[in-house]
Structure formats: structure tokens, C-alpha cells
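Work through the exercises below with the structure at hand. Try each task before reading its solution.

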Amino acid sequence: MSEKYDAIIIGGGPAGSTAAVYLARAGKRTLILERERFPRFHIGESLLPYNMPLFREMGFLPALREGGFMEKYGAQFVLPDGSLKTHIQFGMGKFTTEPMAYQVERSRFDEMLLRHAESRGAEVREGWAVKDYTIDPAGGVTVTAQNGGAPERFEADFLIDASGTANFTGNREGLKEIYESHRKVAIFGHYTGIALPEGKCGGDILIFRLKDAWFWFIPLSREKVSLGLVVDRAAFKESERSPEEIFDAAVERCPDLKARLANAERTGPMRTLVDFSYHNRRFTGDRLVRIGDAAAFLDPIFSSGVYLAMLSAKTAALAVADAIDRGVPNTSRMRRYEKRMRRYLKAYFEMIVKFYDQPFIELLFQPRNTKMHLPDAIVAILAGQLEGGWAVTWRLRFFFLLVKIQRRFPLVDRLSLE
Ligand SMILES: Cc1cc2nc3c(=O)[nH]c(=O)nc-3n(C[C@H](O)[C@H](O)[C@H](O)COP(=O)(O)OP(=O)(O)OC[C@H]3O[C@@H](n4cnc5c(N)ncnc54)[C@H](O)[C@@H]3O)c2cc1C
């Protein structure tokens, strides 16, 4: 048994590393237990502009800039045949102040962030898988972890679960709820041999929207592109085809993407993930907070995962530091953390559900209300501006009303996504 820590964090992904940085800033002794040895592959490569203030505050921006990651200034939504495009430029948004983000190869990005947390004072143990935990509200937390040998025990005042979709404590406590209406499969890989346009838009994320599926196209560098397909889980199962076959058949239905892939070669394995959209019924408990994907994860369509993971980590870490200072197992600040995150998740989920709705796509691809700045409200959410206030909220509500009307009475042309 080692000396007692202020906090133990399960997982050294973006959420775990961010929480460790903020705890270190608050003078807390923190241990990160990470079961992998970094660098390790991870999906989730397109960041949002509102990640940038967090990077700045954490002192991580210089390292990120030196890392030479692809700069992302916009997002393009594209019809399968390329005949129509909506080009969102973050720098042009009326309600946003952050013009750019980065596209990152996660193996390198996550390792840099973990090293940053270490340099700020966190103790990091890689190759240590957490196996068990007990919480005594009056005393503290005991965590059992293993790195190949006999299990060892670690003690702390607080436990922060940043275990990602492994959802360590949520699964143990039976808290996980999958969004039944939203069961998806993602099939993805990395590709070379894809020509990218010169200039700022070369780093844009492209979203190809098919009738029943969508592709992401994320330039990780001028030589490497991350490509992924998201389809309904039911259709995936029914088709009885391999992920590669489903992926290739979808490319065939998307002539614009097919043309871009004319000389493309996959550099590694094709990977598959199933049922990644869920939330836990509770994000906090006595001496425990869940952050990042270990609290909840939504669909990847708006690239909000890493941003929400880091934002939740910061908010929760500050609440935990405060609870430690006050010597109590649970505080109203921890509950406010959960409330705030649920508000953000709801905002994204509403947009996500709409994205799968054809009238929303028709209005998104054919914006008409530029004088009222309705598209700017969408840009705000896509950039990660979640505190845009009433100016953004009423425009979103109005846009959603137009989506309802579009379903019955076309305000803009009907589109074919075939
Ligand atoms: C198909 C798909 C595409 C996505 N695309 C994007 C995107 O473009 N942009 C974006 O921002 N997000 C995207 N995401 C989401 C993004 O991947 C996650 O939201 C993000 O990685 C969450 O970070 P995290 O730190 O919470 O979890 P993770 O990054 O998963 O980190 C959790 C860590 O915990 C460790 N761990 C787990 N269990 C244990 C244990 N028992 N003991 C010790 N360590 C443990 C794991 O090894 C891992 O390193 C995507 C997700 C999916 C499914």
C-alpha cells in the first residue's frame, strides 16, 4: 500500500490527463492509473475550436503547435455526388470567437497530453489496469490495480473515473443506459494517397451524408486521412456482410468520396465499434466523479467527444479539489457539475437526432435565413460554443421549428441523398 493520494484517476485519455492538470494546479497529489502503454491507438481525431481555450489555460498550446498537427478551420457537409456542399468556417461565425482547431492522430496527441499532466505534477502509471474499488464515504477510496504481477492497493480521498467507454464504475454500478433509438456501428481506418486541396480548407473535416449513413473524412496530415462510416446497427446486422464489404458498398454509393479515394490505400486494420452512444444515470457519488466517456458519450457526428471530455474533466476536477479542501465526500458543486454536463449533452443530442432527419439536412444544405443569422447558431454549436446564451438558443429553436415545417411544407428544395 502506497502513501495516500488526494485523487486517483482511472484512465489517461484526454479526460484523465485534463483532470490531473487541474488537480495539480490546485495543489492536489494525483495518481493516474492507465491500463495501456502509450502511444496507443484511439479514435476521435477531430477537435473543436472551443477546445483551444482549454489548451491555452492548461499551458498545452505551445506543445500542440509544435506537434505540427493539421489545422482545422472548417467543416464541410457534402451530398453523396458532391453536387451540394455546406461549408462552415469557424472564423466567420457571428457567435464564436475561436476560428480554428486541430485534427490529431490520437496516439500522439493523447501521449503528449499525458506527459503534460506528468510534467505538471501528476504521478502516471502506465500498464496498470484498475480491477476493483471500494468507497467509504466517511474515510476514503481504495483502488486495486494490476500491471501483470500481484494486485496492488492504492488509497485516496477521491476517485475520478476517466476510463472512457470501458465505463468502469458505471458498469459496476449498473448505471449505463444505451440510447435505444440511436444504436450505431462505426467502421473506420487510416488511408494514404488522397490528394487534399491546398490552403486553409485542406484541413477541413468533410461529412458525406448518405440517406441511411454518413462518412467522416478527417485529414490527419497531408499524407494521412482518417475515414469512417457510421450506419444503423440493425442494418449492419441484417446485411450479414463484413465491415469491409459494407464500407466499400457505401463508398460506391458516394461518387464524390469514391473519386477522392481513387489512389487511396488503407495503412492499417479496418476497425469497428458498436453501440457507443450511452449515458450513465449518475455522474457523481460520494467521493466519486465520472468524466468524459465514462460519464456519457454521444454520436461522433459533431466531433464533440474530446471537447466534452476535457470540459467535464476541468469542471469535475475543480469540484473535487474543493470537496477535498472542505473534507467532505459530496458537494453541491459536484452536483452542479453533473447538471451542467447534462445540459451540454442535451444540446448536442438534440442536434445529433436532427442530423439524422432529412428536413434538417435539407435546410442545412440550403441555408436561407442568413439575415437572421440562423446558420451562425449552428456554427456556434459545431464549434463548441455552449454558452452562447439566448442569442444562440432562440435561433436554434427557430431553426428547429423550420425543420418541422419543412417536413410538411417544403421551404427549400427536397434533396435526394441516394
Ligand atoms: C466512432 C467514433 C468516432 C469519434 N470521433 C470523434 C471526433 O472526431 N472528435 C472527437 O472529439 N471525439 C470523437 N469521438 C469520441 C472520442 O473518442 C471520446 O469522446 C474521447 O476519447 C473521450 O476521452 P476520455 O478520456 O473520456 O476516454 P478515452 O480517450 O477512451 O480514455 C480512457 C482511457 O482509460 C483507460 N482505461 C479503461 N479502463 C481502464 C482500467 N480499468 N484501468 C486503467 N485504465 C483504463 C483506457 O485505456 C483509455 O486510455 C469518437 C468516438 C467514436 C466512437
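**Exercise 1.** Sort the shell around the ligand by class: how many residues are nonpolar, polar and charged?

Solution. First, fix the classes: Ala, Val, Leu, Ile, Met, Phe, Trp, Tyr, Cys and Pro are nonpolar, Asp, Glu, Lys and Arg are charged, and the others, Gly among them, are polar. Then count: the shell holds 20 nonpolar, 13 polar and 5 charged residues. In total, 38 residues surround the ligand (C-beta atom, placed from the backbone, within 6 Å of it). The closest are G13, G44, G164, G292 and G305. Next, look at the elements: α1, β2, β8 (129-136) and α9 (305-326) each give at least two shell residues. The largest share, 4 residues, is from α9.

A note on the model: it is predicted, local features need pLDDT of at least 70, side-chain atom pairs count only at pLDDT 80 or more, and totals for chains, interfaces and linings use all residues. Residues are numbered from 1 along each chain as its sequence is written.

**Exercise 2.** Describe the surroundings of strand β1 (residues 5-10).

Solution. Start with the terms. Helices (H or I, at least four residues) and strands (E, at least two) are DSSP runs, numbered from the N terminus. A residue is buried if 20 or more other C-beta atoms, placed from the backbone, lie within 10 Å of its own, exposed if 12 or fewer, and partly exposed in between. In β1, 5 of the 6 residues are buried, so the strand is largely enclosed by the rest of the structure.

Now find the partners; strands pair if DSSP finds at least two bridges between them. β1 and β10 (residues 152-161) run parallel over 5 bridges, with I10 opposite D161. β1 is also parallel to β2 (residues 30-34), through 4 bridges. There, A7 has T30 as its bridge partner.

**Exercise 3.** Is V412 buried or partly exposed?

Solution. Locate V412 in the segment after α13 (389-408). V412 has 15 C-beta neighbours inside 10 Å, so it counts as partly exposed. Then list its contacts (C-beta atoms within 7 Å), leaving out residues up to four places away in sequence: E362, L363, Q366, R368 and Q406. Finally, compare V328: it is 84 residues from V412 in sequence and 56 Å away in space, C-alpha to C-alpha.

**Exercise 4.** What share of the chain's 418 residues counts as buried?

Solution. The share is 45%. For the secondary structure, the chain has 13 helices and 21 strands.

Conventions:
Contact = placed C-beta atoms within 7 Å.
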